[in-house]
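Work through the exercises below with the sequence and the coordinates open side by side, and attempt each task before reading its solution.

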Amino acid sequence: MTKRDFIFTLLRSALWDEKLDHFKMSPWEYKEVMTDGEKQCVLGLLTDCLRNNNMGLQKKCVIHMLKVQNALEKKNKSINAYLVELTDLFTSSGVRFAVVKGQTVGAYYPKPSHRVPGDIDFYVVREDFSRAVELINSHWGLVLDANTPGMHLEFKLNNIHFEMHRYLLSFPDKRTKHNFEELIDRYPYEPVMVEGKDVPTLTPTVNVFYVFLHLYNHFIKLGVALRQLCDLAVLLHGCRDCIDRGMLLQLLEEYDFKRAFAAFGHILIDKLGLPVDDFPLTIDEKDCRNGERILELVWQHGNWGSYNRDFAKKGTLKYFFDKTYVRLSSQVLFYKLSPKFNKSILLHDLPRKMKMAAKVWLGKHRK
């Protein structure tokens, strides 16, 4: 068994409570597994498996494992406290919003407190956006400007990062972007329980579609870790009885992501152990081959594609070319998985970013 296969065995055990035969791990083996687990943002799942199955670990490894879990619990508890506070603030004032990804997906994990957390991302409907900013400024003493351009407003509270979204995905072409925004606003938000509080999120079918699109968008443009794939797996499993499969299939075909979704489905089923019946599409041999190519990049580059890549300093012209090379490489390799999306990036997104990079470069050299 390779190290990769071994790690997937541990992840399947943690995700679906599969019991493993007792075995011992040397400190060296433990370190190797934890290094890859950190790279892929799945440390919590790996430690859950080792602890639940009472594996033979040396004392220093057990101490490290407990420290990892304790740190994750504290971080998640802090994020959840702010999430509950945000929910109370908005619901009491009638602000229409939905929290996406993050803790609302983490709620579907066997042990939500051991999921490696990220930001608090939330979407506020256009009509309530300015009022929501005023509430946040007043409640937390911030000075956010509702007129600041961009996809979202960012702010931090005690090292907890928030992203307040005007829209959830930035499609290169305006028509697709408009259609997706209408989709998000069309359905009433549904609650998921976080720390005993009903937190509004997207309806299950739309949520699965969005979580996948967000994952795939980052995969093509830079990279993702196994944590993002685990998120999609537990969401599909946890919402399996609520997902409208016909609607999801229609969305995947309309936006031209069906083949991409199936390729990732191969990884979810074959590597992460998602029950076949939980996945809404049939996987064929071509999907398996595409999934294996995807997995090679995920494994090599880890969280947001930041490993084993020598990027120039952010903000420089070379940084732009480095990122552009990564994107073009992914688009060439996986063009057929989402031709409509990749073509749109080439025709709309890339030229726009080239103009922005040229403007920055000219501005610096005129000084």
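The exercises that follow concern a predicted model, and they treat a helix, backbone angles, salt bridges and a surface patch in turn.

**Exercise 1. Helix α12**

Task: Determine how the span of helix α12 compares with the expected value, and describe its two ends and its buried residues.

Solution: Begin with the extent of the helix, which covers residues 285-301 and therefore has 17 residues, for which an expected span is 1.5 Å times one less than that number. The distance from the first C-alpha of α12 to its last is 25 Å, close to the 24 Å expected. Next, inspect the N-terminal end, where D284 acts as a cap, with a side-chain oxygen placed 3.1 Å from the backbone nitrogen of K286. At the other end, G302 comes just after α12 and adopts a positive phi of about 65°. Finally, list the buried positions, which are D287, N290, G291, I294, L295, L297, V298, W299 and H301.

**Exercise 2. Positive phi outside glycine**

Task: For C41 and N158, find the value of phi, then locate each residue and decide whether C41 and N158 are buried or exposed.

Solution: Start from the background expectation that most residues other than glycine have a negative phi. C41 has a positive phi, near 60°, although this residue is not glycine. C41 sits in the loop that runs between α2 (27-39) and α3 (43-52), and because its relative accessibility is 13%, under the 20% cut-off, C41 counts as buried. N158 likewise is a residue other than glycine with a positive phi, near 50°. Its place is the loop between β3 (152-157) and β4 (160-165), and because the relative accessible area of N158 is 63%, over the 50% cut-off, N158 is exposed.

**Exercise 3. Salt bridges**

Task: State how many salt bridges are counted, and analyse the pairs K3 and E32, E292 and K271, and K258 and E253.

Solution: The count comes to 16 salt bridges, with a side-chain nitrogen of Lys or Arg required within 4 Å of a carboxyl oxygen of Asp or Glu. One of these joins the side chains of K3 and E32, with an N to O distance of 3.2 Å. Since K3 belongs to helix α1 (residues 3-16) and E32 to helix α2, this pair ties together parts that are 29 residues apart in sequence. K3 is partly exposed at 35% relative accessibility, and E32 is partly exposed at 29%.

For E292 and K271, the N to O distance is 3.2 Å. This pair links distant parts of the chain, with E292 in helix α12 and K271 in helix α11 (residues 258-271), 21 residues apart. E292 is partly exposed, with a relative accessible area of 28%, whereas K271 is buried, with 15%.

The side chains of K258 and E253 form a salt bridge at 3.6 Å, N to O; K258 is partly exposed at 35% relative accessibility, as is E253 at 45%. To complete the analysis, note that R96, E127, D128 and R131 are linked in a network of salt bridges.

**Exercise 4. A nonpolar surface patch**

Task: Which residues form the nonpolar patch on the surface, and where is Y335 placed?

Solution: The patch is formed by L328, Y335, L346 and L347, which together have about 330 Å² of accessible area. Y335 lies in the loop between α13 (317-333) and α14 (339-365). Because patch residues must have over 30% relative accessible area, the 31% of Y335, a partly exposed residue, meets that cut-off.

Terms used
Residues are numbered from 1 along each chain as its sequence is written. This is a predicted model: local features need pLDDT of at least 70, side-chain atom pairs count only at pLDDT 80 or more; totals for chains, interfaces and linings use all residues. Side-chain values use heavy atoms; hydrogens and water are left out. Helices (H or I, at least four residues) and strands (E, at least two) are DSSP runs, numbered from the N terminus. Buried means under 20% relative accessible area, exposed over 50%, partly exposed in between (1.4 Å probe, protein chains only). A polar contact is a pair of N or O atoms within 3.5 Å; within protein, one must be able to donate a hydrogen and the other to accept it, and residues adjacent in sequence count only if both atoms are side-chain atoms. Patches are made of residues with over 30% relative accessible area and no salt bridge: like charges are joined within 9 Å, nonpolar side chains (Val, Leu, Ile, Met, Phe, Trp, Tyr) within 5 Å. Accessible areas come from the Shrake-Rupley method with a 1.4 Å probe; for residues, only the protein chains shown count as cover.
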